Amino acid sequence: MKDEDRVLAERVHAIITAGAPGLAPKLWYGMPAYALNGKLVCHFQPAEKFKSRYATLGFSDPAQLDDGAMWPVSHALTEITPEVEARISALVKQAVS
């Protein structure tokens, strides 16, 4: 990964493993991902992979993020601020609850 993506991916990894230690790190289509009981819960998509202007943190079906009839399952990331870190931590904890 390019430096910008790698730095984001490393921070996301640290946040996810601290907030949801039950998630198992793995690679998913060459991207960092995290699974619970063998089912993918979330993944980090580097900006470079699809030539995007931002990286994303995405959630899969097993993530318990349901909120009515519509809710976000992908979030753009350009930097990790304390607010972004808190939001990622909260989302991951909710996803595995």
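How far apart, in helical turns, are Arg6 and Asp3 in helix α1? The two residues are separated by about one helical turn, because they sit three residues apart in that helix. Their side chains meet in a salt bridge, with 3.0 Å from N to O. This is a predicted model, and the account below starts from that pair.

## Salt bridges

The structure holds three salt bridges. The table sets them out.

| Pair | N to O distance |
|---|---|
| Arg6 and Asp3 | 3.0 Å |
| Glu10 and Arg6 | 3.5 Å |
| Glu85 and Arg11 | 2.8 Å |

Arg6 appears with Asp3 and again with Glu10. Asp3, Arg6 and Glu10 are thus linked in a network of salt bridges. Glu10 and Arg6 lie four residues apart in helix α1, so about one helical turn separates them.

How accessible are these side chains? Arg6 counts as partly exposed because its relative accessibility is 32%. Glu10 is partly exposed too, with a relative accessible area of 46%.

The side chains of Glu85 and Arg11 also meet in a salt bridge. Glu85 lies in helix α2 and Arg11 in helix α1, so this pair ties together parts that are 74 residues apart in sequence. Glu85 has a relative accessible area of 32%, which means that it is partly exposed. Arg11 is partly exposed as well, at 32% relative accessibility.

## The sheet

Five strands form an open sheet. Their order is β1-β2-β3-β4-β5, and the pairing is antiparallel. Which strands stand at the edges? They are β1 (residues 24-28) and β5 (residues 74-77). Each has a single partner strand, so one side of each is left without a neighbour in the sheet. From one strand to the next, the twist averages 25°.

Now take the strand pairs in turn. Strand β2 covers residues 31-36 and pairs with β3 in the antiparallel sense, over four bridges. Leu36 stands opposite Lys39 of β3. The two strands form a hairpin, with two residues between them. Asn37 is in the turn and has a positive phi of about 55°.

Strand β3 runs from residue 39 to 45. Is it mostly covered or mostly open? It is mostly covered: six of its seven residues are buried. On to β4, which spans residues 55-59. It pairs with β3 in the antiparallel sense, over four bridges. Here His43 has Gly58 of β4 as its bridge partner.

β4 pairs with β5 as well. Again the sense is antiparallel, and there are four bridges. Ala55 stands opposite Leu77 in β5.

## Helices on the sheet

Which strands does α1 touch as it packs on the sheet? It touches β1, β2, β3, β4 and β5. The direction of α1 makes about 150° with that of β3. Helix α2 also packs on the sheet, and it touches β3, β4 and β5. The direction of α2 makes about 20° with that of β4.

## The nonpolar core

In soluble globular proteins, nonpolar side chains tend to be buried together. Here, the largest nonpolar core has 21 residues. Ile16, Leu23, Leu57 and Phe59 have the most contacts inside it. Four elements give two or more residues to this core: α1 (residues 3-19), β3, β4 and α2 (residues 82-95). Which of them gives the largest share? It is α1, with five residues.

Leu57 deserves a closer look. Leaving out residues up to four places away in sequence, it touches Val12, Ile16, Cys42, His43, Val73, Ser74, His75, Leu77 and Ile88. Ile16 is thus one of the residues Leu57 touches, and both are among the residues with the most contacts inside the core. His43, another contact of Leu57, is the residue that bridges to Gly58.

## An exposed residue in α2

Pro82 is placed in helix α2. Is it buried or exposed? Pro82 counts as exposed because its relative accessibility is 64%, and the cut-off for exposed is over 50%. Pro82 and Leu65 are 17 residues apart in sequence. In space, they are 21 Å apart, C-alpha to C-alpha.

Technical notes
Residues are numbered from 1 along each chain as its sequence is written. This is a predicted model: local features need pLDDT of at least 70, side-chain atom pairs count only at pLDDT 80 or more; totals for chains, interfaces and linings use all residues. Side-chain values use heavy atoms; hydrogens and water are left out. Buried means under 20% relative accessible area, exposed over 50%, partly exposed in between (1.4 Å probe, protein chains only). Two strands pair if DSSP finds at least two bridges between them. A nonpolar core is a set of buried Ala, Val, Leu, Ile, Met, Phe, Trp, Tyr and Cys residues joined through side-chain atoms within 4.5 Å. Contact means heavy atoms within 4.5 Å. A salt bridge is a side-chain nitrogen of Lys or Arg within 4 Å of a carboxyl oxygen of Asp or Glu. Axes are lines fitted to C-alpha atoms, for helices over the stretch in contact, and angles run from 0 to 180 degrees between N-to-C directions.
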